Structures are given as structure tokens and as C-alpha cells.
Amino acid sequence: MLSSIFSQRLKDLMQFEGKTEYALTKDTGLSFHSVSDWVKGLHYPDAKALLILADYFRISVDYLLGLDNVFVSVEKSSPTIENAQKSLIGRLRAYKERKGISHWRLAKYLKVGQSTEKRWFEQDAMPETAILIRISQLLEESLDDLLGRK
């Protein structure tokens, strides 16, 4: 399961950097409760937290989530969450146009409700991390690319 890979990678990165959960929260502004839950493998961080963690450890989002096994140091280059959302929606719109599919079909491919998918396009909402992973797989692009990090 990818959440256990994410959890292990986060623990390994913290150990490599000599950081405790408390130090990580202090350095990044992330909540201690969230970091603790991630370390335990209880759930994924949201997109904003993923960008913060990837920048903090200077790694790709794909590596952090276990979608890529290549550890490559990345310069801090994360866009704002708003710009990341715009990049993602732009890629989804291009995919829909290229494939000639409707919002309904895209929602079905991603296994989400139409109202959920509609929020991404109309209300600048960001998909949950598990859905971001499915989008990455559907579009056959890295999350870093989709979120505008490269």
C-alpha cells in the first residue's frame, strides 16, 4: 500500500536529516498531529503539505509518495497551492479535450462523484492525495509535473 511507503519514506528522510516529528513541525509549520499520523501511516498529507514536505526534504513528490523509486535531490521549486491547482486543472482540461471526454466520463475514470470533480474545475478545490495519484496514473505524468514543480 502506498501510504505505508509514504510513511516509511517520511521516517527515513526524517532520520537522515536528524529530525524528530516535533522538529519537522517546527521547521515547516505543519501540525504535529498530522505529521504524527503520517509517520504512523494513517493517511496521506494533502497537496499543500506534500509540496511543503517535498521542498523541505528537496525531493520529488513522486519519490515521497512511493510512485518513483529514484531518489534525486530537487531544488526547492514548489509553486503556491493555487498555482499547483491551476497546473493540475490545466492538464486535466487538456486531457479531456485530447480524448474528447465529458466531465462525467473523467469522474468515472477517476472513481469520484461528478460533484467532486466539478469542485476541482469550478471552485479551485484540490483533489485528495489518493485521487492525485490516480490522476497521475491516468494522465501518465508525474505528480511533480502535474503540480507544476518541474
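This is a short tour of a predicted model, one selection at a time.

**Stop 1: the nonpolar core**

Start by selecting F6, L10, L53, F57, L92, W120 and I135. The largest nonpolar core has 43 residues, and these are the ones that touch the most other members. Now add helix 4, residues 47-57, to the selection: with 8 residues, helix 4 gives this core its largest share. As background, nonpolar side chains in soluble globular proteins tend to be buried together.

Stay with L53 for a moment. Which residues does L53 touch, once those up to four places away in sequence are set aside? Look for F6, L10, L24, L30, W38, P45 and L64 around L53.

**Stop 2: helix 2 and T25**

Next, pick T25, which sits in helix 2, residues 21-28. Is T25 buried or exposed? T25 counts as buried because its relative accessibility is 9%, and the cut-off for buried is under 20%. Show its contacts beyond four places in sequence and you'll find L30, S31, F32 and V35.

**Stop 3: helix 3 and the glycine after it**

V35 brings you to helix 3, residues 32-40, where V35, S36, D37, W38 and V39 are buried. W38 may look familiar: L53 touches W38 as well. Step past the end of helix 3 and select G41, which has a positive phi, near 80°.

**Stop 4: two more positive phi values**

Keep backbone angles in mind for this stop. Most residues other than glycine have a negative phi. Select R58, in the loop between helix 4 and helix 5. What is the phi of R58? R58 is not a glycine, yet its phi is positive, near 60°. With a relative accessibility of 34%, R58 counts as partly exposed.

Then jump to D124, in the loop between helix 8 and helix 9. D124 isn't a glycine either, and its phi is positive at about 55°. D124 is exposed, with 57% relative accessible area.

**Stop 5: N69 and its partner**

Go now to the loop between helix 5 (61-65) and helix 6 (81-99) and click on N69. Why does N69 count as exposed? Its relative accessibility is 63%, and exposed means over 50%. Beyond four places in sequence, N69 is in contact with R9 and Y63. Zoom in on R9: the side chains of N69 and R9 make a polar contact at 2.7 Å.

**Stop 6: A84 in helix 6**

Move along to helix 6 and select A84. A84 counts as buried, with 0% relative accessibility. How far apart are A84 and L147 in sequence and in space? They are 63 residues apart in sequence, but their C-alpha atoms are 4.4 Å apart. Besides L147, the contacts of A84 beyond four places in sequence are L51, P79, M126 and L146.

**Stop 7: helix 7 meets helix 9**

Color helix 7 (residues 103-110) and helix 9 (residues 129-139), whose axes come within 10 Å and cross at roughly 110°. The two helices are therefore roughly perpendicular to each other. To see where they meet, show L106, Y109 and L110 on helix 7, and R134, I135 and L138 on helix 9. By class, this contact has 5 nonpolar residues, no polar ones and 1 charged. I135 also featured at the start of the tour, among the core residues that touch the most other members.

**Stop 8: Q114 in helix 8**

Finish with Q114, in helix 8, residues 114-122. Is Q114 buried, partly exposed or exposed? At 44% relative accessibility, Q114 counts as partly exposed. Now select W104 too and compare the C-alpha atoms: Q114 and W104 are 6.0 Å apart in space and 10 residues apart in sequence. Q114 is in contact with W104 and with A107, leaving aside neighbours within four places in sequence.

Notes:
Residues numbered from 1 in each chain as written. Predicted model: local features only at pLDDT ≥ 70, side-chain atom pairs only at ≥ 80, totals over all residues. Heavy atoms only, no water. Helix = DSSP H or I, 4+ residues; strand = E, 2+ residues; numbered from the N terminus. Buried < 20%, exposed > 50% of the residue type's maximum accessible area, 1.4 Å probe, protein only. Contact = heavy atoms within 4.5 Å. Core = buried A, V, L, I, M, F, W, Y, C linked by side-chain atoms within 4.5 Å. Axes fitted to C-alpha atoms, helices over the stretch in contact; angles between N-to-C directions. Parallel < 35°, antiparallel > 145°, perpendicular 65-115°, else oblique. Nonpolar A, V, L, I, M, F, W, Y, C, P; charged D, E, K, R; others polar. Polar contact = N/O pair within 3.5 Å; in protein donor to acceptor, adjacent residues only side chain to side chain.
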